[in-house]
Amino acid sequence: MSVNAWSLFDVPDGMDDELASLTEPLACAVHAYRASHIFAAQDGTLAGRKVAVIGAGAIGLLATAAAARFGADAVLCVARYPRQAEAAKTLGAIDVLDPAVDDVVSGIRGFAPDVVVEAVGGGPETFDLAVRTVNPGGEVLVLGLFNDPAQLDTRRAAFRELRLFFSMTYGVIDGRHDFEVALELLRSDPDAFAGLVSHRFPLEETADAFVTAAEKSTGALRIVVTP
């Protein structure tokens, strides 16, 4: 792939290539927080706030990590698989809910999050869950993409004075690109982030890599294909 030099970002000296490969998905999570109302109102921090993240794929886990490193008082994650739960705690979650065994609605409401991040997409259930469980006056950040239109209970949203932000990838905020911020976060705690790379495949086995990524029971978190 050929790209313009001005569109590239310098990887810090000594940063492992696998770690650097997390920059793009981490930038998606970084953008959602940086563009949110709460983040802007608090001069670029989540201090004093609780954040719940629904979903523990790569984006959900990186949203968990970013919230913790942006100063959130506490982070809760909803994860379906043991390896995801383990990774969420390593990255900064104080607790993890398993929808197969936990009452997730009660669990998130009891946690009382000021921000709920929807990082699943696909079906509308997790969007509704986020709207139902965020604190009154709170904010829902939607990173997932849905296959069909999702319904919003506007009466619930109005009576509870909720804010919704639908985030799309990354960009420049206050003169800084989300990639720059993501690279700083990766450099600040490389050991914690590096654990997200769970599988490695050579280029000729790319098809197998996609199959493994799609089947979460394999323990897949982030898969790297190397030449």
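Let me begin with helix α11, residues 206-214, where Ala207 is found. Please bear in mind that this is a predicted model. Ala207 has a relative accessible area of 57%, and because exposed means over 50%, this residue counts as exposed. Its C-alpha atom lies 48 Å from that of Phe159, and the two residues are 48 positions apart along the chain.

I turn now to the interior. The largest nonpolar core has 48 residues. Those that touch the most other members are Leu26, Tyr33, Leu46, Val51, Phe70, Val117 and Phe193. Let me take Leu46 as an example. Leaving aside residues up to four places away in sequence, Leu46 touches Tyr33, Ile38, Phe39, Val51, Ala67, Phe70, Gly71, Ala72 and Asp73. There is also a second, separate core, of 20 residues, with Val104, Val105, Val116 and Ala157 among them.

Val104 and Val105 bring me to a helix pair, since both of these residues are in α6 and take part in its contact with α7. In general, two packed helices are described by the angle between their axes and the distance between the axes. Here, α6 covers residues 104-111 and α7 covers residues 125-133; the angle is about 40°, and the axes are 9 Å apart. The two helices are therefore oblique to each other, and their crossing is right-handed.

Which residues in α6 and α7 meet? From α6 they are Val104, Val105, Ile108 and Arg109, and from α7 they are Leu129, Arg132 and Thr133. By character, the residues of this contact comprise four nonpolar, one polar and two charged.

Technical notes. Residues are numbered from 1 along each chain as its sequence is written. This is a predicted model: local features need pLDDT of at least 70, side-chain atom pairs count only at pLDDT 80 or more; totals for chains, interfaces and linings use all residues. Side-chain values use heavy atoms; hydrogens and water are left out. Axes are lines fitted to C-alpha atoms, for helices over the stretch in contact, and angles run from 0 to 180 degrees between N-to-C directions. Helices (H or I, at least four residues) and strands (E, at least two) are DSSP runs, numbered from the N terminus. Angles under 35 degrees count as roughly parallel, over 145 as roughly antiparallel, 65 to 115 as roughly perpendicular and the rest as oblique. A crossing is left-handed if the near helix is turned anticlockwise from the far one by less than a right angle, and right-handed if clockwise. Contact means heavy atoms within 4.5 Å. Ala, Val, Leu, Ile, Met, Phe, Trp, Tyr, Cys and Pro count as nonpolar, Asp, Glu, Lys and Arg as charged, and the others, Gly among them, as polar. A nonpolar core is a set of buried Ala, Val, Leu, Ile, Met, Phe, Trp, Tyr and Cys residues joined through side-chain atoms within 4.5 Å. Buried means under 20% relative accessible area, exposed over 50%, partly exposed in between (1.4 Å probe, protein chains only).
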